[in-house]
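User: I've got a two-chain structure to go through. Can you walk me through it, domains first?

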Amino acid sequence: MIIQSLFDALQGFASQNNIVGLIVQILWLAFFVLYMLYGQRLQVKIMLKEIEGSLFRLKLIRDRGREIVINTIKKMSKENNDPTERIDRILEHIYIPPVSLDPSGIIKRLEHLIDVRDFRLKDEVKLMVPNADEAQTNNLANMLEAALALNQIYKVVRHFYLLGKKTSNFYIILQLQMILPQVMKESQAFASALTAFKTGQPIGDGIGPLIAARLMHGTKEYEIAKDTIVSEVSIDGRIVYVLKAKGPGGNVGKPGEAIRQLLEEKEGRVSRIIVIDAAQKLEGEKPGEVVEGTGVAIGGPGVDKYKVEEVATKYKVPLNAILIKEGIEDVVSTMKKEIANSVEEVIKRIKRIIHETTKEGDQIIIAGIGNTIGIAQ
Amino acid sequence: MKSSSGKIRRSSFYLISITAVLIILSLVTITQTLKTYKDTGYIDFLALTLSASAIAFSVYMVLQMRESPLKLGFEQPKVSTVIRCSKCGFETTREFKEGDYILKESEPCPQCKGPTFIYIIFRETEEKRKKKKESSSPI
C-alpha cells in the first residue's frame, strides 16, 4: 500500500516532464560534486560507525569482565568488605618497563620489575581474600590480569577512536579499523580466559605443563625455583629432569631460573635441553599441530629465554624445541580437545629425540612452559 | 570506573540521510527513464546505470551500518573431564565440575576398584561449524 502510493506520487512528480528532469539532473550533479569534495569524509563516517560498534562491544566485554572479578572476589571473601574500589584501582594499574637507552643489565631490571608487579598483584588478592589458598590466589591474580588487559585494550581503542574523530584524520581511523578484527579476537580470548580462570580450567597455554605433568606423574617432585618444580624421571635409561610451574593454580613459574640452577648444579653435564611450549599458529595451520625447532621456546618478556640461552651457551648444551600450534583465541581459553590430544604425539617425539641424540646414562632436561592452571603434578 | 563514551552516537543520522536522499533520487530517475521510454521509445542507459549504482551503494551503506549479533566471549563452553583408572586404564567422561584439575585423584574405578585420577580436561569444539568451514576451503 505504502509502496503503491509512493510510486503514484513519484509518477505524478515525474509527469511534470522536463522541469523535473532538469531538477533531478541538477541534484545528481550536485550529489556527485559533493561526493567528490566530501567523499573521504563520508568514508570516515562509515569507518567511525564500524569502530563505534566494536568499541561498544569492547566496553561491554570490559564491564562484564570487571563484574565477574568483583563477584568472584565477593563470593570467595568471607569478610563483608566491598572490593569494588580496590579492584577499580588495580584495573588502572600501569606497568612501566625499564629504560632501554643503556641496555646493559636490562634483563635483571626487567625481571625485578616483573617480580614486583606480580607480588603486588598477589598481595592485593590476599588483602581482599585472606582465606584463599595458594592456587586460588594465583587464579584470582590471573583473573585480575585478564580484566586489566581488557580495560587497557578498551582505553587504547577509545583513545584512537576519539583522536581520529576529533582530528578527522583518515589515516588514524584507517589504521584503527585495520587492526580492529585482531583486537576483537584478543579481547574475546581474554573474556574466555576470565571464565577459565574463574573455574580453574586448564587453558591452551598449559599444554607444556600438561606434557611435563604426564611425564612426571607418580614421581617425587621438589621446588627448584620460585613456583617451579622439578622431578627426576627415567626414560629409556636416560636420567630426565622434568620441570614445570607449580600447579594447579594459575602460574607460569620461573623456568629460566630453574634450568639455570639445574645446569649449574650438574656443572653443565647435561646432554640436551628440550623445551615444550605452545606457539602461535599461522592461518591455515591446524590447532594442536606439533612442530620441532631449535632454540628456547619460551614466550613472555624474554627474561627466562635469556637465562636459558645464556647458561646453555656457557656449557654448550644443545637446545631442542617442541611447539604445539594454537590460535590466539585458544591460548588463554579453556584447552581445546585437539590441543589436549597432541600430548601423545609430543611424548612420542620427545622419546624419538632422546633416542636419536643421547645415549643411556645421559642427563636431559625437559621443560614444559606455560600457565599451569588446572594442571597439578 | 566511570563511563566516558558519551560522544559515541551521532553519525548514523548523517548516514541514513545520505542513503535516503540517494534512494529517492534513484527512484525519481528510474521513473523518469520509464516515462521517457513510454513516450518516445528511448532508453536512457546512463540514467538507469546511475540509479542502479546509487541503489547498490545505499544497500552497501545499510549493510555496513547493520549491527552484527553480540557475542562477548564470556559464554561458558561445554567442558568435559576424563577420568582414568591407573590400574586397568578404564576411562569415563563426565561434565567438568568446579574444583576439577588434571591429575586430581577421583573415586575408585567402577571396574577394578583401583585408584583413578583426572586424565584430561578439554573444551568441546563446535564440530558442525568447523566441518562446514573445512569443506568450503579449497586449500
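Analyst: Sure. This is a predicted model. In chain A, the C-alpha centres of domain 1 and domain 2 lie 28 Å apart.

User: Which residues does each domain of chain A cover?

Analyst: Domain 1 of chain A is assigned to 47-199, and domain 2 of chain A to 204-368.

User: And how many residues does each put into the contact?

Analyst: Domain 1 of chain A gives 19 residues and domain 2 of chain A gives 13. On the domain 1 side, helix H4 (106-128), H5 and helix H6 (170-199) of chain A each supply at least two residues.

User: Which helix gives the largest share there?

Analyst: H6(A), with 9 residues. By type, the domain 1 side that touches domain 2 of chain A has 9 nonpolar, 6 polar and 4 charged residues.

User: Back to H5(A). How many residues does it have, and how far does it reach?

Analyst: H5(A) runs over residues 134-167, which is 34 residues. From first C-alpha to last it reaches 49 Å, close to the 50 Å expected at 1.5 Å a residue. Ser168(A) follows H5(A), and its phi is positive, near 50 degrees.

User: Sheets next. What's the strand order in chain A?

Analyst: E1-E2-E3-E7-E4-E6-E5, 7 strands in an open sheet with mixed pairing. The edge strands are E1 (221-225) and E5 (290-294) of chain A, each pairing on one side only. On average, neighbouring strands of this chain A sheet are turned by 30 degrees against each other, direction ignored.

User: What pairs with E5(A)?

Analyst: Strand E6 (residues 319-326) of chain A, antiparallel, through 5 bridges. Within that pairing, Val290(A) sits opposite Ile324(A) in E6(A). Helix H7 (residues 207-216) of chain A packs on the sheet, and E6 and E3 of chain A are among the strands touched. The direction of H7(A) makes about 135 degrees with that of E3(A).

User: Is E3(A) enclosed or open?

Analyst: Largely enclosed by the rest of the structure, because 6 of the 8 residues of E3(A) are buried.

User: Which strands does E3(A) pair with?

Analyst: E2(A) is joined to E3(A) by 8 bridges, running antiparallel. E7(A) is joined to E3(A) by 5 bridges, running parallel.

User: Which residues are bridge partners there?

Analyst: Val233(A) has Val240(A) in E3(A) as its bridge partner. For Tyr241(A), the partner is Ile365(A) in E7(A).

User: What about the hairpin of E2(A) and E3(A)?

Analyst: There are 2 residues between the strands. Asp236(A) takes a positive phi near 50 degrees in that hairpin.

User: Switch to chain B. What does its sheet look like?

Analyst: It is an open sheet of 4 strands in chain B, ordered E2-E1-E4-E3, with antiparallel pairing. E2 (91-95) and E3 (105-106) of chain B each have a single partner strand, so one side of each is left without a neighbour in the sheet.

User: How many bridges hold E1(B) to E2(B)?

Analyst: 5 bridges, with E1 (residues 79-85) of chain B running antiparallel to E2(B). Ile83(B) stands opposite Thr92(B) in E2(B).

User: Last one. How many residues are in contact between the chains?

Analyst: 40 residues of chain B contact 52 residues of chain A. On the chain B side, helix H1 (11-40), helix H2 (45-65) and strand E4 (116-123) each supply at least two residues. H1(B) has the largest share, 12 residues.

User: What's the split by type on the chain B side?

Analyst: 24 nonpolar, 10 polar and 6 charged residues make up the side of chain B that touches chain A.

Note on methods. Residues are numbered from 1 along each chain as its sequence is written. Chains are lettered from A and ligands numbered from 1 in the order in which they are written. This is a predicted model: local features need pLDDT of at least 70, side-chain atom pairs count only at pLDDT 80 or more; totals for chains, interfaces and linings use all residues. The expected span of a helix is 1.5 Å times one less than its number of residues. Two strands pair if DSSP finds at least two bridges between them. Two residues are in contact if their C-beta atoms, placed from the backbone, lie within 7 Å. Ala, Val, Leu, Ile, Met, Phe, Trp, Tyr, Cys and Pro count as nonpolar, Asp, Glu, Lys and Arg as charged, and the others, Gly among them, as polar. Axes are lines fitted to C-alpha atoms, for helices over the stretch in contact, and angles run from 0 to 180 degrees between N-to-C directions. Domain bounds come from an automatic or database domain assignment. A residue is buried if 20 or more other C-beta atoms lie within 10 Å of its own, exposed if 12 or fewer, and partly exposed in between; C-beta atoms are placed from the backbone.
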